[in-house]
Every structure is written in structure tokens, then in C-alpha cells.
Amino acid sequence: MSPDFASLYTDHIAAMRRLADQALAANGFDHLLIHSGALNYAFLDDNAYPFKVNPHFKRWVPVTDNPECLIIYTPGETPKLAFYSPVDFWHKTHPVPDEYWTAHFEITPVGGIREAKALLPDMKRAAVISETAEPFAEWGAAAINPEGLINHFHFHFAKKTGYELACLREASLIGARAHLAAERAFRDGASEFDIHLAYLRAAEHNEHQVPYSNIIALNEHAAILHYQYQERRPPAEARSFLIDAGASFNGYSSDITRTYARERNDFQHMIERMNEAQLAMCAALRPGMPYADLQTIAHRHVAGILIEFGIARGEADELVANGTTRAFFPHGIGHYLGAQVHDVGGKQADEKGTPIPQPEAHPFLRTLRTVDVDHVFTVEPGLYFIPSLLEQLRATPAGRQVDWQRVEYFRPFGGIRIEDNIRVTADGHENFTRPAFERAAAE
Ligand SMILES: [Mn+2]
């Protein structure tokens, strides 16, 4: 059954308005303006970069592909939307929308942002959230992107509304469909490039609509954490495949990673063990738990796998303490996910923006908050054979506990990452990704 977006959105916009009321009052403003964004141009060129909407804007309205729109909100009043709908014979322009969400706005078509001037409130009392200062500075805005106001929003964006959760589930389903198509292409012996195209086709996304650049990595490329190219020819032997790719729905993202082996070998066995460990990490989540605790749990699991596969000797806790696991698992266990792939507010202790200090042991962890009900994030442990980090490890005393011949066996497979999208509930968690794969496989 597909979700009832009309009723979910009605509650969502009410929640957004309540949050804006509080954020404005706490920061001494009477009005809020949110610009959808501007087209930006390449240096010395008349080609624009792909449009990326202001993430605040798409949280209010499911419009992700139209620059020069403006939301104008005053507490207690119906929000206004100046909707960019110019006369332009070079480009397709958007007609004024008429959808489930539009009754919640007073919509006025404009041919450019400057035409929104007729709709403005008292700008001396207005805060603006916009990537460009103009024309708002010229219009006398009280503040553009005031930190206190933005921190207030970002802190509360961690907790998702029912509408946002429904959008995230849809994004997971689209992503799962495309992941299955990519796996089939890998099993058929396709190149990285052809796997990438199979993914986009199944997701019905173009390059600009995926929430981040696909990572499509065969063999040793899987050891490059953000591998950014796609080889046009298949390798002589495709041993392994790591794919980190997401999808978008109404501007909300999924962020999913899977790893596959071609043969039934020790690497395949290691993937299965990582998969079990990843599910155990998800199961450890509870409201009230500092997210950084999950990082420690993940390192212990990685240590266990290194011992089980004869890669390292010793006790799991020792391998965590002496830095061995960090050489194999050098990134954060996950991050908030929502309208932004690395969603905001993960390092704020409160709505004022007081920073949570970065733990020395986890320099790359993006989420440091205590997890709470309806927080959504990724859980993405990894285990890689990264030449530069292995060399460093080998030069330390801890390197003597590593069986380097065993490392040589695994190196040609690159590495493993398994990533699901998780919502914390009162008594545990909801995994968006696993049921999405089941549903996509049954379609
Ligand atoms: Mn991720």
C-alpha cells in the first residue's frame, strides 16, 4: 500500500511551521524567507552547474528542480510561495503546481526572484535562508543565514516527521531496485560504467538526481573509500563488487552500500560475517544511546572478523586499542540521513549550536548526538585492504600481530562495506533498507 502523502504532508507542514515559529521567536525575527537557490555557472562559461536546491526549501515543499522560488512565512499566516514560472522559449518552465501540498500555500507565479518584492513583509524583521545575498541584502533583510536560527532548525531536523519517514522509505525502495539491477549487471560481467548505467536506468534517475555520486567499484577499487570513476571496460577477472549508491524521493535520500563476491570463497564468507555483524550493530541501537558508542561496537566486530579469518592475532579489545582495526576500518560508522545525505545537526549538543567535542579516537565520525526516536541514520561498517594504511600498520609494533600473507590473499578483493538506513524507534529500530530489498526482489 502506498503512503497517504496528502495527510502526511498536512502534519509535516504544521510541524515545520511550529518549528519556524519557535526558531524565529528564539532568535528575535518576525518573518522567514527561504530561497530555493540560483543557477551557478562554470568559470568563464555560460553553462550552469546542475541545480542543487537549498535543503531548507525542499523540507517545506517537494520542489527540487526550480531555482528562483521564494517561501515567505510569517507565524500565524498561510505561507506564501513565489513560484518561478517565467516565459522562456529556451527552457521548459514549470507551470504553477496543483498537488496535494499546494493548498497549504498562497502561490504566486513570478518571472524572476525580483518579482517577489510585491509579496515581502517588513524586511527589517525578516531572516533569510539563501545561498545568495542578493536581492535580499538590497531589500534590507535583517539577517541572511543567521547562525542561531539555522542551528535551531538543524538541531530539530534530526527528528523526522511521518512525511519525511515515508519519503525516506520510498527513497530506499527506489535504491533497492537499482541495487538489484546493478548486482545482475555485475554477475553478467559488465564494466563499472555499464553497472552504473544499469543502476541509473533501474532507479529512473539521471546523474544529477542521485543524491551523491555513485561508487561503483570492482576488485581493488573497492579499497578506495570514495572511488569516483567508472572504467569503461570490464576487468579480465571481476572478483568483487562494492556499490555505494542512493536514490531520491521528494528530495529525501537513501544511502545504501552492498558488497558481492563472484566466487564462493573466503571473501564471500567474510561478506556474510560482515553482514551478520552489521545487523547486530543495528540491533544494538536504542534511544538514549550516544551514537559514538556504535563506533566502538563496530570496531569490536571488525576485530572479531580479523581474528576469525586469520588476519590478526590477539584479543579483540587489544586490536581496537592498538589501532589495528582503524587500519582496516578507517571511517565513521554512519551519519544522519534525511533531506541531506549527510544530514545536519549531528554534532550539536543543543538548538543553540553548542558543539559536541569530536572524540579523539573517532576523528571522522559525523554523528555525535545521543540517538532518539525518529532519528534516521546510516549504519555502514567497513573492512578494507587499503595499501597506504596497511603499510603504516606494518611499520608499527601492532603490525607484528598481522598475518601479512593472509592480507595478500584478500587485497585483490578491495574491501567490504554494508550500509543500511535506520530509524530509531521507542524499543529498537526500523530498518528501511532490508524490507526495500525484499520488496524490490518480489516485484
Ligand atoms: Mn553513507
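## Helices, sheets and loops: a walk through the model

Trainee: Which residues in H3 meet Leu19, Ala23, Ala26 and Asn27 in H1?
Mentor: This is a predicted model. Start from H1, which supplies Leu19, Ala23, Ala26 and Asn27. Across from them, H3 brings Gly148, Leu149, His152, Phe153 and His156.

Trainee: How do the residues of the contact of H1 with H3 divide?
Mentor: Sort them into three classes. No residue of this contact is charged. The rest of the contact of H1 with H3 splits into 5 nonpolar and 4 polar.

Trainee: At what angle do H1 and H3 pack?
Mentor: H1 covers residues 5-27 and H3 covers residues 147-157. Their axes are 9 Å apart, and H1 passes H3 in a right-handed crossing. The packing angle is about 145°.

Trainee: Which helix gives the most to the side of domain 1 that touches domain 2?
Mentor: The protein has domain 1 (5-157) and domain 2 (162-442). Their contact takes 20 residues from domain 1 and 18 residues from domain 2. H1, H2 (55-60) and H3 each supply at least two residues of the side of domain 1 that touches domain 2. With 8 residues, the top contributor is H3.

Trainee: How many residues are charged on the side of domain 1 that touches domain 2?
Mentor: Go class by class. That side of domain 1 has 9 nonpolar and 7 polar residues. The charged ones number 4.

Trainee: How far apart do the C-alpha centres of domain 1 and domain 2 lie?
Mentor: Take the C-alpha centre of each domain, 5-157 for domain 1 and 162-442 for domain 2. The two centres are separated by 34 Å.

Trainee: Which strands stand at the edges of the sheet of 6 strands?
Mentor: Read off the order: E4-E3-E2-E1-E5-E6, an open sheet with mixed pairing. An edge strand has a single partner strand, so one of its sides is left without a neighbour in the sheet. That describes E4 (106-110) and E6 (143-144).

Trainee: What is the bridge partner of Ile71 in E3?
Mentor: E2 (residues 70-73) and E3 (residues 80-84) run antiparallel, joined by 3 bridges. Ile71 is bridged to Leu81.

Trainee: By how much are neighbouring strands turned against each other in the sheet E7-E8-E11?
Mentor: This is an open sheet of 3 strands with antiparallel pairing. E7 (215-218) and E11 (256-261) have a single partner strand each, so they stand at the edges. On average, direction ignored, neighbouring strands of this sheet are turned by 5°.

Trainee: Which residue in E8 does Ile215 stand opposite?
Mentor: E7 and E8 (residues 240-245) run antiparallel, with 4 bridges between them. H4 (residues 162-187) lies across E8 and E11. Opposite Ile215 in E8 stands Asp244.

Trainee: Which residues of E12 point the other way from Val376 and Thr378?
Mentor: In a regular strand the side chains alternate between the two faces of the sheet. E12 covers residues 376-379, and Val376, Thr378 and the pair you want are all buried. The pair pointing the other way is Phe377 and Val379.

Trainee: What is the bridge partner of Phe377 in E15?
Mentor: E12 pairs with E15 (residues 420-425) in the antiparallel sense, over 4 bridges. In E15, Phe377 is partnered by Ile422.

Trainee: Is Glu419 buried or exposed?
Mentor: Glu419 is in the loop between E14 (415-417) and E15. Its contacts include Asp244, Thr378 and Val379. A residue is buried at 20 or more neighbours. Glu419 has 22 C-beta neighbours inside 10 Å, so it counts as buried.

Trainee: Is Tyr41 buried or exposed?
Mentor: Tyr41 lies in the loop between E1 (31-35) and H2. Exposed takes 12 or fewer neighbours. Tyr41 has 11 C-beta neighbours inside 10 Å, so it counts as exposed.

Trainee: Is Asn219 buried or exposed?
Mentor: Asn219 sits in the loop between E7 and E8. Its phi is near 55°, positive although Asn219 is a residue other than glycine. With 21 other C-beta atoms within 10 Å, Asn219 is buried.

Trainee: Which residue does a cis peptide bond join to Glu134?
Mentor: Omega of this bond is about 5°. The partner is in the loop between E5 (126-129) and E6. The residue joined to Glu134 is Pro135.

Note on methods. Residues numbered from 1 in each chain as written. Predicted model: local features only at pLDDT ≥ 70, side-chain atom pairs only at ≥ 80, totals over all residues. Axes fitted to C-alpha atoms, helices over the stretch in contact; angles between N-to-C directions. Left-handed = near helix turned anticlockwise from the far one by under 90°. Contact = placed C-beta atoms within 7 Å. Nonpolar A, V, L, I, M, F, W, Y, C, P; charged D, E, K, R; others polar. Pairing = 2+ DSSP bridges. Domains from an automatic or database assignment. Lists of a residue's contacts leave out its neighbours within four places in sequence.
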